[in-house]
Amino acid sequence: MQKFLSSWWGIPLSAQFGLLVITVYLLLVALAPWLAPFGETEILANAYEPWSSTYWLGTDSLGRDMLSRIIYGARNTVGIALIATLLAFLIGGLLGLLAATVGGVLDQLLSRMVDVIMAIPSLIFALLMLTIVGTSATSLVLVIALLDSTKVFRLARSVAQSIVVMDFVEAARLRGEGRWYLMRHEILPNVSAPLIAEFGLRFCFVFLFISTLSFLGLGTQPPAADWGSMVRDNATLISFGDITPLLPALAIALLTVAINFVVDWKLHAASGLKD
Amino acid sequence: MDSVLWSVGGWTHDRNNVYELFMGSIAMKAILIMVLQRLSLGFLTLFVVSVIIFSAVELLPGDLAQEILGQSATPETVAAFRAELGLDKPAVQRYGQWLFNVASGDFGHSLANGRAISELLASRVGNTLFLAAYAAIIAVPLSLILGILTALYRNSWFDRSVNVLTLSSISFPEFFIAYILILAFAVKIPLFPSLANIYPDTPLGDMLYRAALPVMTLVMVVVAHMMRMTRAAIINVLASPYVEMARLKGLSPFRVIVKHALPNALAPIINVIALNLAYLVVGVVVVEVVFVYPGLGQLLVDSVSKRDVTVVQAVSLIFAATFILLNLVADVLAIVTNPRLLNPR
């Protein structure tokens, strides 16, 4: 505990704030049913009730409790973004390592495919794919994971390429180890650091991207609570000067700022700069 | 500098000029080859992307004709309709036909209401370009000035506050910025309209006024990126020996940055400007939806939720082509303005 406290005070203020916010969000995701005063889709009162002691943040366009939906929204919004990012890293990382280890035609093929996908703006590509597969949470996760895996692929491939030519990999190859062993035990441990550093940034990107698509009505489908679509559904309140619809958007912004703070601190620490 | 040294060394000016001309033509040739390579690569990408967008229809579960006519249609009518749409021909032939039609301005018909897509696009393309250009005209000079100023006065309170501001506007979703602006400048202080209603016969002055809030949103998002990249690129160059030299000669900090650092930082800056202009063309999607602005983005989002594939195809093609072409222009400009390529040793 003492050790934890002493290292905690060594962190810059912005990173402390970031870590604190991320912890709160993770708690929300884990404990939503116990924290929320009402159910996610329960219709309780008239539409657009003002803030009161029963409904702390008022009710939404269908008369559901705003606060409860914001709490449940953490699950859908953060959860989906987390799954999509993990999937993107799994696909992109695996293919990137494979391309670097095998090389040759496979490498060329994968790299050119990635080039083409990256030449199309990702929002447009996502919209095109969602038209084909239809809008649902599952297709959203798959489409975004595929799109984002291209960026992970590039990073994983370029880092792995500099590892593949090293002597210890050559030694393992001469020892007669299989391709899978090389990737898993020789290369992966050496590329994981930059990949983990990239994870925070990619998560931010995916999270904002999913919120945007949900805001456009193409992500999580009703009645599931989701921060992006909550802003859209209640946007009319803004023209009456009510800030309630902005709270889910604020929740999105707060998390991305927090993650950026933590990533900034990590990158700064890794670069060895002293200020 | 060079020519002085040469003449001191006993060489005639003539020979020096011939030498420079000779090296100059080699440089021009190298630049030309690089530009041509980049152009052909760009058009290849454009071709592949058009193939992908065309195949979107092929990937659609079920049959396009069935989709339009509905489940109740008899097999005979479906077959007849397939022939009418040309769906019975091989895919390659249909792709050629589609590309030819698109090139001559015919994008086919909407699945949802049967209207000609070119008719749907007509006013919207102009509106979207107007919005993007309006934002770009404000954003590009603003971000260059901010970037140079923050590089000049780096680590001052001015630099720090601009830094915090831009970092947070990068972290915010666009619709958040848009609604904050609506709340501030349309509801609390009613300066601008919250909805950007624009009709084909709206006069320019009115258009500029009505599009103010959408443009402000776009500018905030784009300036953040461009300014940070400009600052980073200039600071990067400032660390190099020849800038140290210029500083030691006693030049003013402003002159060092504008005359010595900026030309070499230009390539990354041009790239990021083009990337952001390309982003603007796409970023308008969200902004158009928030402000109910009648542009391509809104049409795209509507069509995706209606699964109107042919319209989505047409709009995606326009967006993707603009994006690729802008990146292409940026790459070519970066090659052409690179001082190291223009003045070879």
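**Exercise 1. A salt bridge in chain B**

Which residue forms a salt bridge with Arg38(B), and how many Å apart are the closest N and O atoms?

*Solution.* The model is predicted.

Step 1. Find the partner. Arg38(B) pairs with Asp331(B) in a salt bridge. The closest N and O atoms are 2.5 Å apart. That falls within the 4 Å cut-off for a salt bridge.

Step 2. Place both residues. Asp331(B) sits in helix H14 of chain B, residues 309-336, and Arg38(B) in helix H2 of chain B, residues 13-59. The pair therefore ties together parts that are 293 residues apart in sequence.

Step 3. Check exposure. Asp331(B) has a relative accessible area of 21%, so the residue counts as partly exposed. Arg38(B) is also partly exposed, at 22% relative accessibility. The class "buried" requires under 20%.

**Exercise 2. A network in chain A**

Work out which residues of chain A the shared salt bridges join into one network.

*Solution.* Step 1. Start in helix H4. The side chains of Arg112(A) and Asp115(A) form a salt bridge, with an N to O distance of 3.0 Å. Both residues belong to helix H4 of chain A. They are three residues apart, about one turn of the helix.

Step 2. Follow Asp115(A) onward. Its side chain also meets that of Arg154(A) in a salt bridge, at 2.4 Å, N to O. Arg154(A) lies in helix H6 of chain A, residues 137-164, while Asp115(A) lies in helix H4, so this pair links parts that are 39 residues apart in sequence.

Step 3. Compare the exposure of the members. Arg112(A) is partly exposed at 43% relative accessibility. Asp115(A) is partly exposed at 27%. Arg154(A) is partly exposed at 39%.

Step 4. Join the links. Salt bridges with shared partners put Arg112(A), Asp115(A) and Arg154(A) into one network. Over all chains, the whole structure holds nine salt bridges.

**Exercise 3. A serine in helix H6**

Is Ser149(A) buried or exposed? Name the residues that Ser149(A) touches, leaving out those up to four places away in sequence.

*Solution.* Step 1. Locate the residue. Ser149(A) is in helix H6 of chain A.

Step 2. Read the accessibility. Ser149(A) has a relative accessible area of 7%, so the residue is buried.

Step 3. List the contacts. Beyond residues up to four places away in sequence, Ser149(A) touches Ala88(A), Ile91(A) and Gly92(A).

**Exercise 4. The fold of chain A**

Describe chain A by its elements, extent and contacts.

*Solution.* Step 1. Count the elements. Chain A has ten helices and zero strands. Read along the sequence, the pattern is α-α-α-α-α-α-α-α-α-α.

Step 2. Take the extent. The C-alpha atoms of chain A fill a box of roughly 75 × 55 × 30 Å along the principal axes.

Step 3. Assess burial. Chain A has 275 residues, and 50% of these count as buried.

Step 4. Assess contact range. Take contacts in chain A between residues at least 6 apart in sequence. Of these, 69% join residues at least 24 apart.

**Exercise 5. The contact between chains A and B**

How many residues does each chain give to the contact, and what is the count of salt bridges between chain A and chain B?

*Solution.* Step 1. Count residues. Chain A gives 39 residues and chain B gives 41 residues.

Step 2. Take the area. About 3,300 Å² is buried between chain A and chain B. Carbon and sulfur atoms give 84% of that area.

Step 3. Count polar links. Between chain A and chain B there are zero salt bridges. Two residue pairs are in polar contact, both at pLDDT 80 or more.

Step 4. Name the elements. On the side of chain A that touches chain B, at least two residues each come from helices H4 (104-119), H5 (122-133), H8 (179-215), H9 (227-233) and H10 (246-271) of chain A.

Step 5. Sort by class. That side of chain A has 29 nonpolar, nine polar and one charged residues.

**Exercise 6. Confidence**

Which element of chain B has the lowest mean pLDDT, and which the highest?

*Solution.* Step 1. Begin with the model scores. The ipTM is 0.82 and the pTM is 0.82.

Step 2. Turn to chain B. Its average pLDDT is 79, and 85% of the residues score at least 70.

Step 3. Rank the elements. Helix H1 of chain B, residues 2-8, has the lowest mean pLDDT, 39. Helix H11 of chain B, residues 241-248, has the highest, 87.

Step 4. Mark the weak stretch. Over residues 1-14 of chain B the pLDDT is below 50. Beyond near neighbours in sequence, this stretch has four contacts in the model.

Key. Residues numbered from 1 in each chain as written. Chains lettered and ligands numbered in written order. Heavy atoms only, no water. Contact = heavy atoms within 4.5 Å. Buried area = accessible area lost by both parts, 1.4 Å probe. Polar contact = N/O pair within 3.5 Å; in protein donor to acceptor, adjacent residues only side chain to side chain. Helix = DSSP H or I, 4+ residues; strand = E, 2+ residues; numbered from the N terminus. Nonpolar A, V, L, I, M, F, W, Y, C, P; charged D, E, K, R; others polar. pLDDT = per-residue confidence, 0-100. Buried < 20%, exposed > 50% of the residue type's maximum accessible area, 1.4 Å probe, protein only.
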